[in-house]
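This briefing covers selected features of one protein chain. Please look at the sequence and the structure before reading on.

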Amino acid sequence: MDSYNAMVLIRVLEEELQKLCDTGEGADLHFNKGQEAIAVGVCAALRPTDYLVTHHRTIAHALAKGVPLKRLVAEVLGRPGGLSQGRAGEMHLSDPTHRFMFSFQLVGTCVPVAAGLAWAVKNYKKTDDIVVVFHGDAATANGQWHEGLNIAAIQQVPLLLICENNQLAGNVRPEHYLPTKCVSERMRGYGLTGAVVDGNRVDGVMAAAQGAAQIVREEGRPFMLECMTTRLGKHKQGQGDIRSKEELAELAKRDPLLYEEGRLELGADRIQQLREEALRGVREAIEAARGE
């Protein structure tokens, strides 16, 4: 139930933030609808002392890593009680207390920074903690991703790459940026390996992430876990969606919440109860931010 509750909290938070974006109180946010199982499953497989670096679609990762809801909401809404006193916003979140180190606006730039952090963990901190970096499939078409992976491979650093493969770069299809069948194939060019998992099934993601983290921790080398997923919302505020209503309706059948509700055999009343509990917490966080 913990994983389901975490995914519901992310979904409800983003639904409420979307309302604020529509009224102008929110900013140019990027949401995770349909991809929640990846953040929750991966972070459940980590130690509290493991480090996390991520890209611009960051709200789910922050919550899953333990960043406090009220401080996260305050930051996203530009309030002084936020993680960076409201100055960083969504794309530059940081909460080192929970080892949520950095998030980045520019696609792919999170990878070289994460590689550097992993180098420091290995050579300066000298612990067996690992660094996890989230990125999308389209990031592998950018030079920064390849530079970061090249450094990580040569230095053999404890870096776990989590690719959230939703088969979209904004509104661009993968045939325009991905020359391989899947992203993890690109690891071979650096003498590294990876695995592919259904990113919409949180139990499967958690199990695969546990195995991947063990490889990185024990063997001290980079590894990729590619999570095949479906972004069920638009890329960002103010941007349309290239996909038709029919395509989105078909993709919605893979909603990770629906899968987990079926696996846990949750009835409609229980589902509604859990959503209402999450909604109360989210609205309290929003009102607290507004009062600052």
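The points below deal with a sheet, two of the helices and one loop residue. The model is predicted. Its six strands form an open sheet with parallel pairing. Helix α5 packs on that sheet, and α5 is also among the elements that cover the buried residues of helix α6.

**The sheet**

- The strand order in the open sheet is β2-β1-β3-β4-β6-β5.
- β2 (residues 100–103) and β5 (residues 194–198) are the edge strands, each pairing on one side only.
- On average, neighbouring strands are turned by 20° against each other, direction ignored.
- β4 and β6 run parallel and are joined by six bridges.
- Ile162 stands opposite Leu225, a residue of β6.
- Helix α5 touches β1 (51–54), β2, β3 and β4 as it packs on the sheet.
- The direction of α5 makes about 170° with that of β3.

**Helix α6**

- α6 covers residues 143–155, which is 13 residues.
- From first C-alpha to last, α6 reaches 18 Å, close to the 18 Å expected at 1.5 Å a residue.
- The buried residues in α6 are Trp145, Gly148, Leu149, Ala152 and Ala153.
- Seen down the axis of α6, these buried residues fall within an arc of 130°, so they line one face of the helix.
- In general, an α-helix has 3.6 residues a turn, so residues three or four places apart point the same way.
- Glu147 and Ile154 are exposed, and they sit on the face of α6 turned away from its buried side.
- The cover over the buried residues of α6 includes one helix, α5 (110–125).
- Strands β3 (131–136), β4 (159–165) and β6 (223–228) are also among the elements covering those buried residues.
- Gln156, just after α6, takes a positive phi of about 50°.

**Ala27 and its surroundings**

- Ala27 lies in the loop that connects α1 (2–23) with α2 (36–44).
- Ala27 has a relative accessibility of 41%, and it counts as partly exposed because that value lies between the 20% limit for buried and the 50% limit for exposed.
- With neighbours within four places in sequence left aside, Ala27 is in contact with Cys21 and Gln237.
- Ala27 and His135 are 108 residues apart in sequence, and their C-alpha atoms are 22 Å apart in space.

Definitions and conventions: Residues are numbered from 1 along each chain as its sequence is written. This is a predicted model: local features need pLDDT of at least 70, side-chain atom pairs count only at pLDDT 80 or more; totals for chains, interfaces and linings use all residues. Side-chain values use heavy atoms; hydrogens and water are left out. Helices (H or I, at least four residues) and strands (E, at least two) are DSSP runs, numbered from the N terminus. The expected span of a helix is 1.5 Å times one less than its number of residues. Buried means under 20% relative accessible area, exposed over 50%, partly exposed in between (1.4 Å probe, protein chains only). The arc is that of the directions from the helix axis to the C-beta atoms. Contact means heavy atoms within 4.5 Å. Two strands pair if DSSP finds at least two bridges between them. Axes are lines fitted to C-alpha atoms, for helices over the stretch in contact, and angles run from 0 to 180 degrees between N-to-C directions.
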